[in-house]
Amino acid sequence: MPLKRYLKDEMFHRLCSIRRDIHQWPEPAFEEHRTAERISEALSGLSIRHRKGVAKTGVVARIDNVKNSGPTIALRADMDALAIPEKTGLPFSSRVPGYMHACGHDGHIAMLIGAAALLKESGPDGNVVFIFQPAEEGGCGAESMIEAGALDGVDMIFGGHIDGNFNLGKIAIRKDIETAYTTAFEIEIHGRGGHAARPHEGVDAVVVGSLLVVSLQTIVSRVINPLKPVVISIGSFHSGTAYNAIADEAVLKGTIRCTDEKTKDKIIRKIRKTASSLASLHDAVIDVSISEGYPPVINHPEGVMIARETAEGLLGKEKVVLVDQPSMGGEDFAYYLRKVPGCFVRFGATKKGQDNNKAHSAIFDFDEEVIRIGAVFYAEVVKAAVRHLRKSIYSVGV
């Protein structure tokens with residue numbers, strides 16, 4: 001691969017070793033203590049100054065140019081793992097029962113360490129901040145890192161995600177809206193228990209809950225403009241304790257995914273109205289709780305341009321995918337982009353023979369060559385962003 005001239009095999013294998021070590025010891029949100037220590041060891045070995053304990057378990061490193069002047073570009077990697085038991089059978093599988101790196105964050109960490117090594121060696125024309133962030137998987141670690149000052153003085157930021165939907169060697173970029181809102185909801189249904197042989201004497205929470213599950217799908221199919229991307233998914237339905245008893249309670253948990261706020265608010269109103277109507281019809285009590293999740297990642301035009309030109313320069317135009325639809329997944333990188341311009345990209349990482357190997361799966365894995373691609377891309381995108389911002393500042397001055 002041509003990128004070997006940027007990042008040699010010796011460093012690449014070292015990064016893979018770091019990734020595998022972190023993979024074996026996954027840690028959940030805000031508990032990434034060992035992961036942070038491993039990152040710190042790698043940065044110390046590169047003589048890169050850094051701070052630990054940022055927003056509990058985050059690490060922030062920095063490389064300044066000789067004159068400590070010029071634009072400051074940030075790069076971000078997430079650190080946390082998921083509560084999923086691993087079934088990959090890899091020789092470096094998780095040693096922590098019930099947890100695994102099922103979303104590629106271990107690879108993201110290795111990429112950022114690799115970029116730091118490359119930029120330390122070449123010396124950036126500007127300043128670089130490396131943000132190793134805890135708690136991306138629902139813990140909103142990005143906000144905590146921002147509050148802790150990780151973004152102070154930063155002019156532009158870039159991040160990315162390993163993605164099994166794209167082949168290895170490709171980088172996918174989307175203009176404007178990249179991900180969706182991640183609103184969560186919980187619905188408690190209170191009925192009246194009784195004997196299964198005499199259902200007319202009770203209010204069956206299972207039946208009411210089942211009707212609610214089906215009814216919520218009509219919000220997507222019959223209430224929302226079909227040209228707008230919307231998902232309502234029920235991920236959890238718990239009710240009943242015995243086969244011969246009418247359940248008196250049921251709890252549904254789910255998520256709303258959409259890309260604009262008005263649609264989100266309309267869906268929430270319809271969920272509440274549907275629940276109220278079913279409660280009245282079946283003499284049940286239904287309580288709906290809404291939890292606001294992450295806002296959409298919205299890539300900035302400048303960031304998209306810089307990321308695209310960098311990717312095309314490294315891989316060729318044919319390897320850069322311009323995505324025409326947003327992902328319905330969520331990402332707290334959105335909070336960084338609300339503060340400073342930048343871009344979030346996708347690194348193709350499909351492993352040969354494992355096309356169905358998707359994120360948040362117990363068998364998730366990726367082709368480690370993507371670590372080399374990500375490390376080189378990050379190092380080069382920093383240089384491109386510095387050049388762009390220097391040129392912009394000079395043009396304004398003239």
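# Exercises on a predicted model

Serine 47 sits in the loop between α2 (33-45) and β1 (50-54). Helices (H or I, at least four residues) and strands (E, at least two) are DSSP runs, numbered from the N terminus. This is a predicted model: local features need pLDDT of at least 70, side-chain atom pairs count only at pLDDT 80 or more, and totals for chains, interfaces and linings use all residues. Residues are numbered from 1 along each chain as its sequence is written, and side-chain values use heavy atoms, with hydrogens and water left out.

## Exercise 1. Positive phi outside glycine

Describe the backbone and the accessibility of serine 47 and histidine 360.

Solution.
- Step 1. Serine 47 is not a glycine, yet its phi is positive, about 60°.
- Step 2. Apply the accessibility classes: buried means under 20% relative accessible area, exposed over 50%, partly exposed in between (1.4 Å probe, protein chains only). Serine 47 has a relative accessible area of 54%, so it is exposed.
- Step 3. Histidine 360 also is not a glycine and has a positive phi, about 65°. Its loop runs between β14 (342-348) and α9.
- Step 4. Histidine 360 has 43% relative accessibility and therefore counts as partly exposed.

## Exercise 2. Helix α7 and its partners

Compare the span of α7 with the expected one, then place arginine 308 and alanine 384.

Solution.
- Step 1. α7 covers residues 301-315, 15 residues in all. The expected span of a helix is 1.5 Å times one less than its number of residues. For α7 that is 21 Å, and the distance from first to last C-alpha is close to it, at 21 Å.
- Step 2. List the buried positions of α7: Gly303, Val304, Ile306, Ala307, Thr310, Ala311, Glu312, Leu314 and Leu315.
- Step 3. Look past the end of the helix. Glycine 316 follows α7 with a positive phi near 100°.
- Step 4. Arginine 308 belongs to α7. With a relative accessible area of 30%, it is partly exposed. Contact means heavy atoms within 4.5 Å. Not counting residues up to four places away in sequence, arginine 308 touches Ile173, Val320 and Leu322.
- Step 5. Alanine 384 is part of helix α9 (residues 369-397). Its 14% relative accessibility makes it buried. Leaving aside neighbours within four places in sequence, alanine 384 contacts Ile306 and Thr310. Both Ile306 and Thr310 are among the buried residues of α7.

## Exercise 3. Helix α3

Is α3 largely enclosed or exposed, and what follows it?

Solution.
- Step 1. α3 (residues 105-122) has 18 residues, which should span 26 Å at 1.5 Å a residue. Its end C-alpha atoms are 26 Å apart, so the two values agree.
- Step 2. Of the 18 residues, 15 are buried. The rest of the structure therefore largely encloses α3.
- Step 3. Glycine 123 comes just after α3 and takes a positive phi of about 75°.

## Exercise 4. Cysteines without partners

Find the number of disulfides, then check cysteine 103 and cysteine 258.

Solution.
- Step 1. Set the criterion: a disulfide is a pair of cysteine sulfur atoms within 2.5 Å. The structure holds 0 disulfides.
- Step 2. For cysteine 103, which is in no disulfide, the nearest cysteine sulfur belongs to cysteine 140, 16 Å away. At 8% relative accessibility, cysteine 103 counts as buried.
- Step 3. Cysteine 258 is in no disulfide either; the nearest cysteine sulfur, again that of cysteine 140, is 17 Å away. Cysteine 258 counts as buried, at 1% relative accessibility.
- Step 4. Turn to a residue that touches Cys258. Threonine 263, in helix α6 (residues 261-282), has contacts with Ile224, Lys228, Val230 and Cys258, not counting residues up to four places away in sequence. Threonine 263 is buried, with a relative accessible area of 6%.

## Exercise 5. The largest pocket

Give the volume of the largest pocket and describe its lining.

Solution.
- Step 1. The volume is about 960 Å³.
- Step 2. The lining has 38 residues; closest to the pocket centre are Glu137, Arg257, Gly329, Gly330 and His360. On a 1 Å grid over the protein atoms alone, a pocket is an open set of points where a 1.4 Å probe fits, with protein on both sides within 12 Å along at least five of seven lines; lining residues have an atom within 4 Å of a point.
- Step 3. Three strands, β5 (156-163), β9 (230-239) and β11 (249-258), each supply at least two lining residues.
- Step 4. Sort the lining by class: 12 nonpolar, 17 polar and 9 charged residues. Ala, Val, Leu, Ile, Met, Phe, Trp, Tyr, Cys and Pro count as nonpolar, Asp, Glu, Lys and Arg as charged, and the others, Gly among them, as polar.

Notes:
Grid points are joined across faces, edges and corners, and a volume is the space filled by probe spheres set on the points.
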